[in-house]
Amino acid sequence: MSRNTVTNTDGRSGDGTTGVRPGSWAGYGACIWALLFAGLSFYWAAGGLVGQGTIGPAVEEPALAREPAFVALLWGTAVLKLLAAPLGLALATGRPRWVPRWLLLLGGWGAAALLSLYGLANLTQHLLIVAGVVDLPAGLGSALPWHLFLWDPVWLSGGALFTLAAISYTRPPGLLNNTKR
């Protein structure tokens with residue numbers, strides 16, 4: 001004899017166990033992406049030098065000069081990236097339950113849109129530079145290959161992970177655990 005497991009709107013099945021969302025790997029991936037990227041930003045904000053030559057003179061010079069406004073900007077971006085980590089985790093797990101579903105969706109789709117659009121805009125500009133349509137800005141300097149092959153994919157991968165996590169979280173929870181026993 002088989003019975004259906006009823007799934008509540010919060011992802012828990014009727015027998016008290018927690019259902020695992022298909023695609024939750026993307027939320028965990030988004031969380032890890034945000035933690036790693038935030039860690040790099042905190043490192044640079046604290047004065048770390050490794051990898052700064054991959055960004056371009058417009059960012060590298062004020063960072064090396066430790067200009068207070070620019071250092072504050074680095075700390076701020078590090079904190080924003082760090083805040084994205086619990087968002088990715090929440091999209092993967094559906095927790096905390098006290099956060100309204102619409103708010104997690106707004107955050108997830110917002111992060112997905114911002115990261116994807118930023119990555120796509122940068123990639124488009126950099127490809128136009130390579131094609132000779134747009135002049136190389138002095139602020140980018142010799143860091144163009146680093147942007148094309150490292151930083152643009154990093155931003156796009158964050159956008160893709162948050163997009164997939166938001167799609168996974170958008171699915172009605174009742175469709176997630178249609179297992180029969």
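## Aromatic cluster

Trp33, Phe37, Trp44, Tyr118, Trp151, Trp155 and Phe162 are joined by ring pairs into a cluster. The model is a predicted one. The aromatic pairs number 8. One of them is formed by Trp33 and Trp155, whose ring centres are 6.4 Å apart with the planes at 65 degrees, so this pair is edge-to-face; the angle is over the 60 degrees that edge-to-face requires. Trp33 belongs to helix H1 and Trp155 to helix H5 (residues 144-170), so the pair ties together parts 122 residues apart in sequence. Trp33 and Trp155 are both buried.

Phe37, a member of the cluster, also has a charged partner: the charged end of Lys81 sits over the ring of Phe37, at 3.8 Å from the ring centre. A second arrangement of this kind involves Arg101, whose charged end sits over the ring of Tyr169, 4.6 Å from its centre.

## Overall fold

The chain contains 5 helices and 0 strands, and its pattern along the sequence reads α-α-α-α-α. The chain has 181 residues, and 40% of them count as buried. Among contacts with a separation of 6 or more, 73% are between residues 24 or more positions apart.

About 10000 Å² of the chain is exposed, and 73% of that area comes from carbon and sulfur atoms.

## Helix H1: buried and exposed positions

Helix H1 covers residues 24-45 and includes Trp25. Ser24 is also in helix H1. Ser24 has a relative accessible area of 9% and is therefore buried, because buried means under 20%. Apart from neighbours within four places in sequence, Ser24 is in contact with Ala92 and Ser168. Trp25, by contrast, has 54% relative accessibility and so counts as exposed, the cut-off for exposed being over 50%.

Ala34 is another residue of helix H1. Its relative accessible area is 0%, so Ala34 is buried. With residues up to four places away in sequence left out, Ala34 touches Lys81, Ala84 and Ala85. Lys81 is the residue whose charged end sits over the ring of Phe37. The C-alpha atoms of Ala34 and Gly158 are 7.6 Å apart in space, although 124 residues separate the two in sequence.

## Nonpolar surface patch

Which residues form a nonpolar patch on the surface? The patch consists of Trp25, Trp109, Leu164 and Ile167, which together have about 410 Å² of accessible area. Of these residues, Trp25 lies in helix H1 and is exposed at 54% relative accessibility.

## Backbone features in the loops

The peptide bond from Arg95 to Pro96 is cis, and its omega is near 5 degrees. Pro96 lies in the loop that runs between helix H3 (68-93) and helix H4 (101-130).

Arg66 has a phi near 55 degrees, a positive value in a residue other than glycine. Arg66 is located in the loop between helix H2 (57-64) and H3. Is Arg66 buried, partly exposed or exposed? With 34% relative accessibility, Arg66 counts as partly exposed, because that class lies between the 20% limit for buried and the 50% limit for exposed.

Methods: Residues numbered from 1 in each chain as written. Predicted model: local features only at pLDDT ≥ 70, side-chain atom pairs only at ≥ 80, totals over all residues. Heavy atoms only, no water. Patch = residues over 30% accessible without salt bridge, like charges linked within 9 Å, V, L, I, M, F, W, Y side chains within 5 Å. Areas by Shrake-Rupley, 256 points an atom, 1.4 Å probe, with all protein chains shown as cover. Salt bridge = Lys/Arg side-chain N within 4 Å of Asp/Glu carboxyl O. Helix = DSSP H or I, 4+ residues; strand = E, 2+ residues; numbered from the N terminus. Buried < 20%, exposed > 50% of the residue type's maximum accessible area, 1.4 Å probe, protein only. Contact = heavy atoms within 4.5 Å. Phe/Tyr/Trp six-rings, centres within 6.5 Å; stacked < 30°, edge-to-face > 60°. Lys NZ or Arg CZ within 6 Å of the ring centre and 35° of its normal.
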